[in-house]
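Trainee: I have a new model open and would like to learn how to read it. Walk me through a few features, please.

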Amino acid sequence: MEKRNVINWTIRFLVVFLVAYLSTPARAEVKKYQFDIQVKNVSRLCHSKPIVTVNGMFPGPTIYVREGDRLLINVTNHAQYNMSIHWHGMKQYRNGWADGPAYITQCPVQTGQSYTYDYNVTGQRGTLWWHAHIFWLRATVYGAIVIMPKIGVPYPFPQPAFEFNLVLGEWWNDDVEEIVKQGNKLGLPPKMSDAHTINGKPGPLYPCSEKHTYAIEVEQGKTYLLRIINAALNDELFFAIANHTLTVVEVDAVYTKPFSTEAILIAPGQTTNVLVRANQASGRYFMAAGPFMDAPLSIDNNTATSILQYKGTPKTLIPKIPKLPLLNDTTFALTYNSKIRSLASRNFPANVPLKVDRHLFYTIGLGINPCPNCQNGTKLSASLNNITFIMPKIGLLQAHYYNLKGVFTTDFPDNPPTPFNYTGAPLTANLGTVQSSKPRVSKLAFNSTVELVLQDTNLLSVESHPFHLHGYNFFVVGTGIGNFDRKKDPAKFNLVDPPERNTVGVPTGGWTAIRFRADNPGVWFMHCHLELHTGWGLKTAFVVENGPDSDHSVLPPPKDLPHC
């Protein structure tokens, strides 16, 4: 009898232990990566040149991580340029030290030095990416970040048979940094790119590119997930696959209500996940990426291609070509973006701020300023609320954390100084763009809710602008063509299931309204993700104040933080 009781208690103990073990969440892991910044010779389009790479790879290595994990990425700089890496879309709660934009959250990593980016992946899953955040070095220094859901948590869409990363980019035959210097010397835009690329390869429509073509193999009847990233410096891109329908299920690492489309539009900085079912006749099909530009401006109007090939198809078969939207297809662009909606489910809610504490209205302007050192005597510039942002000499986050005086001011205006008909007849006159001696930023109270309307203007020319906010996601509650009407347009805002993003396109000659809660203390960069415009000054920063206690305040800086 006693022996039977012992056995029963043993069985009960094992059952309780097993239930407890199975119900315990999977422990977070520490994922370590080594990024060696190296110069390597690479050939494309019948040209060979040295480029800056990570670990000699172009594009750079993919970071694989799971929601809840900790990342330790040690960057060692062996190149002649200063370097910093931005983990685009990572929220970096209280930890701007790991965000990466040079002179905003850190001084760059100088030649021969190292810095470890140490951060947790919290409350995020999906496709993001990383890139250099200094000069134009992200032309070749970039790669994908794949965040898998927690163990046991499925996708909110059918499980794909396999996944592929497609990173779209641009290629210049000449040295990119030299091209930028030449443009600055003239006071004009640098020469446009020579090719678009998919995973660093332009595809067979370009010269000397047969071997520089990316291909994936699929099996009849199976469904695949494509993680698409636009790492191009200056071009919004259409993407399509011949004879295949794309089902959008995620943007900027946020699940969406699925919808089908023949093509997608993706701006620099954005990511889009699509499902593709291999349901066509066995063969080879081009996957193509080509530009979108609906303003009267010059652009690299070339198409990059890669190949989707059914298993068993001879490689000698000529691939079918997809029909991309026209270069200036505004209707497609507006219609496509209007279809993107947050999943807004119980497991993945859309917590849109319904009450707004702070209303901001920023105008986007291009202009021509005097430049005594430029050959033309003038240079192109860009501004928000007529202010061209001046980069500091040390990191703004350091200045904020240590309360250093004289590095920046917090008087960036909530509204433009001079209201006008923003999208009326082209305005060639300069409105007297302000260039201060130090950066002007905006201060936000901790946990306050913010509505920001970004308004394109016809100063020199209207143009689409993809804006990226570091440290946050935001909800795109409204968008429209023409001037924003504060009395009428808010009534049309989507406050139920708007897309949640980290990068949003402001339409050509139009406006976009976003909302977010300022619950991440620190200094957070916001800028146009067209590198051309960022360099001209189309950028600013938010200083988000600390919360009520140490758990809601900026973390102390790491010991190996680079010095300027």
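**Reading helix and strand**

Mentor: Let's begin with two lysines: Lys181 and Lys185 are exposed, on the other side of α2 from the residues we'll come to next. Exposed means over 50% relative accessible area, buried under 20%, and partly exposed in between, using a 1.4 Å probe and protein chains only. Helices (H or I, at least four residues) and strands (E, at least two) are DSSP runs, numbered from the N terminus.

Trainee: Before we go on, what are the ground rules?

Mentor: This is a predicted model, where local features need pLDDT of at least 70 and side-chain atom pairs count only at pLDDT 80 or more, while totals for chains, interfaces and linings use all residues. Residues are numbered from 1 along each chain as its sequence is written, and side-chain values use heavy atoms, with hydrogens and water left out.

Trainee: What is the mean pLDDT of the protein chain?

Mentor: The number is the predictor's confidence in each residue, from 0 to 100. Here the chain averages 93, and 94% of its residues reach 70 or more. Residues 1-24 are another story: pLDDT stays under 50 there, and the model gives them 0 contacts beyond four places in sequence. A contact means heavy atoms within 4.5 Å. Where pLDDT is low, don't read the predicted coordinates in detail.

Trainee: Back to the helix, then. Which residues of α2 are buried?

Mentor: The general idea is that an α-helix has 3.6 residues a turn, so residues three or four places apart point the same way. In α2, which spans residues 176-186, the buried ones are Val176, Glu177, Ile179, Val180 and Gly183. Seen down the axis, they fall within an arc of 160°, so they line one face of the helix; the arc is that of the directions from the helix axis to the C-beta atoms. Part of what covers them is β2 (47-54).

Trainee: Which residue caps the N-terminal end of α2?

Mentor: Asp175 does, with a side-chain oxygen 3.0 Å from the backbone nitrogen of Glu177. That is a polar contact: a pair of N or O atoms within 3.5 Å, where within protein one must be able to donate a hydrogen and the other to accept it, and residues adjacent in sequence count only if both atoms are side-chain atoms. Just after α2, Gly187 takes a positive phi of about 80°.

Trainee: Where are there positive phi values in a residue other than glycine?

Mentor: Leu45 has a phi near 55° and sits in the loop between β1 (30-44) and β2. Leu45 is also buried, at 7% relative accessible area. Then there's Asn386, with phi near 70°, in the loop between β21 (378-384) and α4 (396-401). A further backbone feature to look up is the cis peptide bond from Phe58 to Pro59, with omega near -5°.

Trainee: Now sheets. What is the strand order in the open sheet of 6 strands?

Mentor: In general, strands of a sheet pair through backbone hydrogen bonds, either parallel or antiparallel. Two strands count as paired if DSSP finds at least two bridges between them. The order here is β10-β9-β12-β17-β14-β15, with mixed pairing. At the edges stand β10 (195-198) and β15 (254-261), each with a single partner strand, so one side of each has no neighbour in the sheet. Inside the sheet, β9 (residues 162-171) and β12 (residues 223-230) are parallel over 7 bridges, with Leu166 opposite Ile228.

Trainee: Why is β28 described as largely enclosed?

Mentor: 8 of its 9 residues (510-518) are buried, so the rest of the structure largely encloses it. β28 pairs antiparallel with β23 through 8 bridges, and antiparallel with β25 (residues 474-481) through 6. Ser448 has Ala518 as its bridge partner in β28, while Thr479 has Thr512.

Trainee: Is Thr449 in β23 buried or exposed?

Mentor: Thr449 is buried, at 3% relative accessibility. A polar atom of its side chain lies 2.7 Å from the backbone oxygen of Lys355. Compare His86 in strand β5 (residues 85-88): His86 is buried at 1%, and its side chain reaches the backbone oxygen of Asp99 at 2.8 Å. Beyond its neighbours within four places in sequence, His86 has contacts including Trp129, His131, His133, His468 and His470.
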